[in-house]
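Open the structure in your viewer and keep the selection panel at hand. The stops below say what to select next and what is there.

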Amino acid sequence: MTPMSPVGRLAATVDRLSREVRAAQAEAEGRALIELAKGILVARLGCGPAQAARQLAELAEQSQVTPLEFAVDVINQAARDRVSEVTDAFLAATAAVRNADTVDGPDGPDGGEAGAGSAAVRLRAAESGALAAGDTQSVADALLEQALRPLGAVAVAIWAAGYDGSLTLAGSAGFSAAEASRWRYVPPDVTTVARCGLTERAGQWITSLAETGLPSVGRHQYPDGGRVAVPAGTGGRIHGVLEIAWPAPLAPQPPQVVRQVEALAELCAHTLESYVPSQAAGQEPRVVPDAVELMDLADGLYDPALVLVPHLDADGHLADFRIQHVNKSFLDPAGRPRAVVGGALLLEAYPMAAGESELFQNVERVYATGEPFRARRLNLTALVDQVPLSAVADISVSRHGNAVLLIWRIEDETARLASLLQHAQRLGRIGGFEENLLTGEITWNGQLFDLYGRPQSSTPVPLERLAAHAHPDDAVAIGRFLRTLLHHRRSASAAFRLQRPDGVTRHVRVVAEPVLDTDDRLLVVRGAYQDISAQHWTEVALAATRDQLAHTEQQAIERARLTLQLQHAIMPPAQTPLKVPDLQVAVRYRPAETEQLVGGDWYDAVMLPNGLVLLCVGDVAGHGIEAATSMVVLRNALRGLAVTGAGPGQLLSWLNIVVHHLTGGVTATAVCGLYDPARRTLRWARAGHLPPVLVRDAQAGPLPLVKGMLLGAVAEASYEEAEVQLAAEDTLLMYTDGLIERRDRSVEESLAQLLSTARPAPSTLDQHLDRLLTYSRSDTDDDTCLVGIRVG
C-alpha cells in the first residue's frame with residue numbers, strides 16, 4: 001500500500017473534520033427540533049419534560065419513523081405554516097402515486113413517504129439554522145447544507161433588492177470568494193438571472209445557463225448548469241431573490257420541489273426584511289423614511305399625493321392599500337373632500353383603478369419590486385352614487401420604506417387649450433393685444449413684444465401711434481384701417497411694413513375688432529398682429545418667377561415661330577408641280593403638330609442642267625432652329641453639288657464632308673436619287689436613311705438596301721449606288737421617318753404598315769401622297785417629308 005503524502009494526510013484530516021462539524025451541526029439542529037417538539041407536547045398534554053420525551057419516543061416507534069422526523073411532524077401540526085404546507089403536499093402526492101400503483105421507488109428527489117419526512121426535516125433544519133444565524137451569509141450556508149445539497153444544488157445566492165432597482169449580494173454559499181466579491185452589486189436595469197426572477201412573480205427555472213446567455217454569479221464555475229431564481233417576499237412585498245445553481249442541466253422539477261424552493265425563498269424574505277447593505281467607501285448611508293416622514297414629504301408637494309400602506313388579509317397576503325395620508329394639495333376627480341378619501345382603502349375610494357390603465361397593478365408592482373412607475377395621461381376614475389367621474393392625470397408611483405407615494409397631476413383642459421393656443425401663436429408668428437380706450441390700458445402677449453422687437457418690460461404701442469412705427473409709404477393704408485375701426489366701429493385689417501428699433505423691417509398684417517357697451521359706445525379694441533414676411537417674400541419670388549417664365553415662354557414662342565417661318569420659306573407645304581415629260585412629280589411636307597418639335601426634315605425635287613431630275617429627302621438630328629438652319633445648309637449644298645453632274649454616291653460623299661465640318665456636331669440621314677427621263681432609270685444612294693418604296697402592279701416593296709452610313713459621323717465616307725429600271729405606271733416614294741415612326745412598334749412593323757397602305761394606287765400621284773399622309777399611324781408628332789414620282 002502506497003504511503004499517503006503529507007498533503008494528502010492534511011486534506012483527509014480536513015475532510016474528516018468537516019464531516020464531523022457538519023454532523024455535529026446536524027445533531028445540534030436535530031436536538032433543537034426535538035426540544036421544540038417536546039415543548040409543544042408539554043403545552044398540549046400538561047405533562048413534564050421527562051414524560052414528554054418518553055411520549056415522543058413511544059409515538060415515533062409506533063409510527064415507525066425516527067424521533068427527529070416525528071418531532072418535525074409535531075412542529076408542522078402546531079405551526080401550520082409554509083413548511084407544513086410543503087410537507088402536506090409531499091404526503092398528498094405520495095398517496096396519489098401509491099393508490100395509482102404506477103410508480104415504484106422514490107418520487108423525484110424526495111419521493112415517497114420517507115421523502116416527505118426528509119424534506120420536512122431539511123426545511124425545519126434550514127429554518128432553525130437560518131433563525132440561529134447571525135447574518136445573511138450564515139443563512140446562505142444553512143440553506144445550502146441543510147436543504148439544497150440533497151436536491152443536487154451546489155451553490156446558492158441571496159440577493160437584496162434596492163429601492164432603486166439594484167441588487168446586492170447579501171449572502172452566498174458554494175461560489176468562490178473572488179466571484180462573490182465581483183458580483184457584490186448589480187446596478188439597476190442590468191438584465192441578469194436574478195433580475196428576471198425579481199420581475200417574474202413565478203420565478204425563473206432555467207434548464208441550462210448556457211442556453212439563455214444571461215450573466216449571473218458563478219457562470220464560469222457552472223457554465224452549463226441549471227439555475228433557479230425565485231422572488232423572496234412577504235405580504236406582497238419582494239425583498240430580494242433566492243438564486244440556486246446546479247452543476248448540470250436541470251430537468252423539469254415536480255411541484256413538490258418547486259414548493260420547497262418557494263418555502264426557502266419565503267424564509268429568506270424574513271431574513272432580508274432587516275438586511276441593510278454595507279456602506280461602500282465614500283457613500284452616504286441610505287436612510288429609508290417611514291410613513292410619518294413620507295407624510296411630511298407629501299405635504300410639501302404642489303401636486304395631489306397619497307401615502308399608501310399595505311393592507312394584508314387574514315393569511316398575510318397583500319389585498320389592498322390603505323390611504324394613510326392625503327396631502328394638502330389633494331384634488332379628487334369627484335370633488336370629494338380629503339376627509340372622505342383619507343383612511344379608506346385604495347380600491348374602495350377608486351374601484352376603477354383595478355381595471356383602467358392597470359393603476360392598482362402598477363402600485364402593487366412598485367410595492368413589490370421597489371422600481372418606480374410613471375405614466376402620462378392615465379384615466380383616474382371615482383364612483384359617486386354609482387356615477388363614474390374621471391379625469392386625465394399624469395401618474396407617478398414610488399416606494400419609500402414600507403409605504404408607497406402616489407402622485408398625480410390632473411390635466412386642466414383650460415390650461416391645456418391655453419398652452420395649445422400659445423404654441424399655435426408661436427408657430428404662426430401671431431401676437432395678440434387688447435386696448436381699453438377708456439382707461440388707456442394696453443395688454444400685449446409675449447409674441448407681440450417679440451414681433452415688435454421690444455423687451456417685455458417696455459410700454460406697448462397704442463393703435464393711434466401705429467403709423468409712427470411703420471414705413472411712411474404705408475401711412476394711407478394704416479389711416480384707412482384706423483378710420484374703419486375707431487370711427488365706423490367695424491372690424492378692419494391692414495398690411496404694412498413694421499420698422500423695428502433694431503433696424504429690421506417686417507411685413508405685418510393687423511386684424512382688429514371693436515367691443516361696444518350696451519349704449520353702443522366703443523370700449524375696447526382687441527386683435528392680433530401676424531408676421532407675414534415669409535409669405536410676402538414668397539409671393540415676391542413667385543411673381544418674379546412668373547415673370548421669368550412668361551419671358552422664357554415668349555422667347556420659346558418667338559424661336560419656334562422663327563424656325564417655322566424659316567422652314568416654310570425653304571419648303572412650303574405645297575410646292576409648284578415639277579413639269580417633266582412622261583413623269584409626274586409631287587411633294588408633301590407635314591410640319592410637326594407641336595411647334596417645339598419643329599425639326600430638320602427636308603426634301604428637294606429639281607430639274608438639273610443636264611436633263612436629270614434630282615430627287616432627295618433628308619432628316620437632320622434634333623429639333624429647333626439649329627436643326628432648321630442645318631437643314632437649309634444641307635439642302636442648298638446638295639443643290640449646288642448636283643450641278644456638277646456627279647452621281648448620287650459622290651454627291652453624298654461631298655455632302656458628308658459638309659456636314660462633318662458644321663459646328664455643333666450635326667448628324668443627318670438622306671437618300672438621293674437622279675432620274676433619267678430618257679432611259680426611265682433611277683440611280684440612287686442612301687446615307688443611313690430608309691430605302692425608297694416602289695409600287696408596281698398593286699405590289700409595294702422597298703428597294704434593295706445599299707451601303708451608306710449617316711452623314712457627319714466620320715470625316716470621309718463612300719456611298720454605294722444602285723440603279724433601278726422603272727416602267728410605265730410605276731410609282732416611287734421617298735419619305736422621312738415621321739411618316740411611319742411609332743413608339744410602340746419596331747421599324748419593320750411600321751414599314752409593313754406603310755407598304756400595305758401604298759399598294760392601292762389612286763388615279764393621280766397627288767391623291768396617292770395624300771392617302772399616305774391620311775392613313776399614317778405615326779405617333780411621334782415629328783416632321784414628315786414625302787417625295788413621289790410616277791412614270792407616264
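A residue counts as buried here if its relative accessible area is under 20%, as exposed if over 50%, and as partly exposed in between. The model is a predicted one.

Start by selecting D474. Its relative accessibility is 11%, so D474 counts as buried. Add R497: the two form a salt bridge, with the closest N and O atoms 3.1 Å apart. D474 sits in the loop between helix 16 and helix 17 while R497 belongs to strand 14, so the salt bridge ties together parts 23 residues apart in sequence. R497 is partly exposed, at 23%.

Next, select R639 and D604, a salt bridge with closest N and O atoms at 2.6 Å. R639 is in helix 19 and D604 in strand 19, 35 residues apart. D604 is buried at 1% relative accessibility, and R639 is partly exposed at 33%.

Now go to E435 in strand 12. Which side chain of opposite charge is nearest to this buried residue? R465 is, but at 10 Å away, and E435 has no salt bridge. Instead, show the backbone nitrogen of L463, which the E435 side chain reaches at 3.2 Å. Residues touching E435 also include I442, P462 and V524.

Finish at residues 155-161 and 167-173, which are strand 1 and strand 2, paired antiparallel over six bridges. W159 has L169 in strand 2 as its bridge partner. Helix 6 (residues 136-148) packs on the sheet and touches strand 1, strand 2 and strand 6, its direction making about 50° with that of strand 2. The open sheet has six strands in the order 3-2-1-6-5-4. Strand 3 and strand 4 are at the edges with a single partner strand each, so one side of each has no neighbour in the sheet.

How values were computed:
Residues numbered from 1 in each chain as written. Predicted model: local features only at pLDDT ≥ 70, side-chain atom pairs only at ≥ 80, totals over all residues. Heavy atoms only, no water. Pairing = 2+ DSSP bridges. Helix = DSSP H or I, 4+ residues; strand = E, 2+ residues; numbered from the N terminus. Contact = heavy atoms within 4.5 Å. Axes fitted to C-alpha atoms, helices over the stretch in contact; angles between N-to-C directions. Buried < 20%, exposed > 50% of the residue type's maximum accessible area, 1.4 Å probe, protein only. Lys, Arg positive; Asp, Glu negative; His and termini not counted. Salt bridge = Lys/Arg side-chain N within 4 Å of Asp/Glu carboxyl O. Polar contact = N/O pair within 3.5 Å; in protein donor to acceptor, adjacent residues only side chain to side chain. Lists of a residue's contacts leave out its neighbours within four places in sequence.
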